[in-house]
Each structure stands twice: as structure tokens, then as C-alpha cells.
Amino acid sequence: MSGEKPHILLVEDEMHLARGITFNLEQEGYLVSHVESGEEALEKVRMEKFDLIILDVMLPGIGGFEVCEKIRGLDSRVPVLMLTARSAESDRISGLAAGADDYLIKPFNLKEFLLRVSGMLRRSAWYRPEPVEEGYSFGDNEVFLLSYRARTRQGEIDLTDLEVRMLSLFFHREGEAIPRGEILESVWGYATDAETRTLDNFIVRLRKYFEPEPSRPVFFQTVRGVGYRFSKKP
């Protein structure tokens with residue numbers, strides 16, 4: 001992105017909302033490409049590179065969750081912010097499980113929306129994973145931060161940019177109880193009490209990847225009243 005405007009793909013079929021979002025993003029100095037369907041979004045991702053994708057859940061044709069999963073198959077690292085009118089916890093979990101990095105519930109506050117966007121773009125611009133050791137191992141897992149890959153009991157997986165950031169933080173501070181707000185600030189680029197559920201749901205995603213029994217975690221442990229702790233040895 002150096003010397004160029006960050007390029008954002010907006011996938012939104014509500015034209016009134018799309019025009020407003022596009023206008024405000026362009027006012028912030030971003031280049032915006034807008035499409036109205038999941039099929040168009042996937043074609044765009046195949047043809048171009050984007051610095052951020054803003055993806056509505058309720059789309060004609062292919063729904064937002066499926067689109068997100070397909071985007072991850074094409075580009076595992078591009079940040080994805082999902083927009084949804086649904087407020088059910090299960091829908092938020094579904095978005096994160098599909099590979100989204102964050103979500104906002106419509107109607108949303110414009111200032112908060114722009115804060116999310118700037119935070120996600122800022123992270124992707126400067127972040128490079130710090131090397132820990134080649135092939136960082138714990139349990140039956142082996143993680144390669146620099147190549148965004150992991151080997152797990154389920155097989156080999158590609159890691160997203162956000163997953164690598166979070167794993168890098170945990171690996172470098174193994175055994176330390178890290179407060180929720182500090183994880184949000186370090187990984188997402190902002191910290192608000194209202195959005196700690198984003199983190200909690202994301203931890204569920206990591207546990208599904210790496211824990212022998214996700215419902216009884218031994219590596220990614222909850223520290224009540226504080227946050228989370230990573231322990232290499234159960």
C-alpha cells in the first residue's frame with residue numbers, strides 16, 4: 001500500500017447504504033470498488049488484489065458466509081469485515097468461523113465503522129510476524145508463522161493474517177495471562193469493552209483448529225476476569 005491509496009472492495013446490495021459507505025470511505029482517502037453480489041465479489045478477488053473487503057451477510061445468490069469461505073480459498077490473508085443486520089450470537093460465530101476478521105451489526109455508528117476500517121488497514125500495512133522458531137510445535141500441532149500455514153490433527157491449513165497475529169502474540173508471551181483489551185489492541189488495532197465477544201468467538205475458532213477437545217481447552221486457556229493464556233504444554 002506504500003504510496004498508494006488503500007483499495008477496498010465493498011460487497012453490498014443495498015444501493016442507498018452502499019453509496020453512503022462508498023462516499024465516506026472515499027472522503028477518508030480510500031479507493032473503493034463496489035459490487036452487489038457474491039458472484040461479482042469472487043470474480044473481483046480472482047482478478048485484483050485488495051487491502052480490505054467489506055462484506056454484507058445478506059446477499060442475493062451466494063450468501064455472505066459462503067462468499068467469505070470462498071474468498072479465504074483465494075486469499076487467506078486479506079482482512080474481511082462483515083456487515084450484518086442479524087444480532088444473534090450464532091450469526092456472529094458463523095461469520096468468524098467462515099474466516100471473517102471482524103463484524104459490525106447494522107445500523108452502525110459511522111465513526112466506529114471508520115475506526116474499524118482504519119485499524120484493519122493499519123495492521124495489514126505494518127504487520128509482519130516475528131519469527132519464533134521454524135515450525136513452532138505444541139501438542140500435535142506445528143505452526144509456520146512466516147508462511148501462514150499450520151499442521152494440525154485435521155491436516156494442513158492456511159492461516160489468515162489475523163490468526164497469525166494472534167498466534168504470534170500468544171507464542172511470544174507463553175504462560176502469561178493477557179487481558180482481553182490488550183489482545184484486541186494488539187491484534188485488531190482497537191479495544192472496546194463492547195467488542196470483547198469478537199475476541200471470545202475468535203478463540204473458539206483457534207480451539208477448533210488446535211485443541212484435541214475444543215470444549216476442554218488445554219492450550220488456549222480462559223483466565224476468568226482477565227483474558228486468555230497460551231500454554232505450550234498441557
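## Exercises on a predicted model

The buried residues of helix 2 pack against strand 1 (7-11), strand 2 (31-35), strand 3 and helix 3 (64-74). Keep in mind as you work that this model is predicted.

**Exercise 1. Find which residues of helix 2 are buried, and work out how they are arranged around the helix.**

Step 1: Locate helix 2, which covers residues 38-47, and pick out its buried residues: G38, A41, L42 and V45.
Step 2: Look down the axis of helix 2; the buried residues fall within an arc of 95°, so they line one face of the helix.
Step 3: Now turn to the face pointing away from that buried side, where you meet the exposed residues R46 and M47.

**Exercise 2. Describe the surroundings of D56, and decide whether D56 is buried or exposed.**

Step 1: Place D56 in strand 3, which spans residues 52-56.
Step 2: Compare its relative accessibility with the cut-off: buried means under 20%. D56 has 1%, and therefore counts as buried.
Step 3: List the contacts of D56, leaving out residues up to four places away in sequence: V11, E12, D13, G64, L83, T84 and K106.
Step 4: Check the record as well. An unreviewed UniProt entry annotates D56 as "modified residue: 4-aspartylphosphate".

**Exercise 3. Say where T22 sits and what its side chain reaches.**

Step 1: Find T22 in helix 1 (residues 15-27).
Step 2: Use the relative accessibility of T22, which is 15%, so T22 counts as buried.
Step 3: Follow the side chain of T22 to the backbone oxygen of A18, at 2.8 Å.
Step 4: Add the contacts of T22 with residues farther along the chain than four places: L10, V32 and H34.

**Exercise 4. Look at the backbone at P107 and at Y148, and say what is notable in each case.**

Step 1: Start with the usual picture. Most residues other than glycine have a negative phi, and most peptide bonds are trans.
Step 2: Inspect the peptide bond from K106 to P107; this bond is cis, with omega near -5°. P107 belongs to the loop between strand 5 (102-105) and helix 5 (110-126).
Step 3: Move on to Y148, whose phi is near 60°, a positive value in a residue other than glycine. The loop that holds Y148 runs between strand 7 (141-144) and strand 8 (149-152).
Step 4: Finish with the accessibility of Y148: at 7%, Y148 counts as buried.

Notes
Residues are numbered from 1 along each chain as its sequence is written. This is a predicted model: local features need pLDDT of at least 70, side-chain atom pairs count only at pLDDT 80 or more; totals for chains, interfaces and linings use all residues. Side-chain values use heavy atoms; hydrogens and water are left out. UniProt positions are given in the numbering used here, feature names are shortened, and annotations may be inferred rather than shown by experiment. Helices (H or I, at least four residues) and strands (E, at least two) are DSSP runs, numbered from the N terminus. Buried means under 20% relative accessible area, exposed over 50%, partly exposed in between (1.4 Å probe, protein chains only). Contact means heavy atoms within 4.5 Å. The arc is that of the directions from the helix axis to the C-beta atoms. A polar contact is a pair of N or O atoms within 3.5 Å; within protein, one must be able to donate a hydrogen and the other to accept it, and residues adjacent in sequence count only if both atoms are side-chain atoms.
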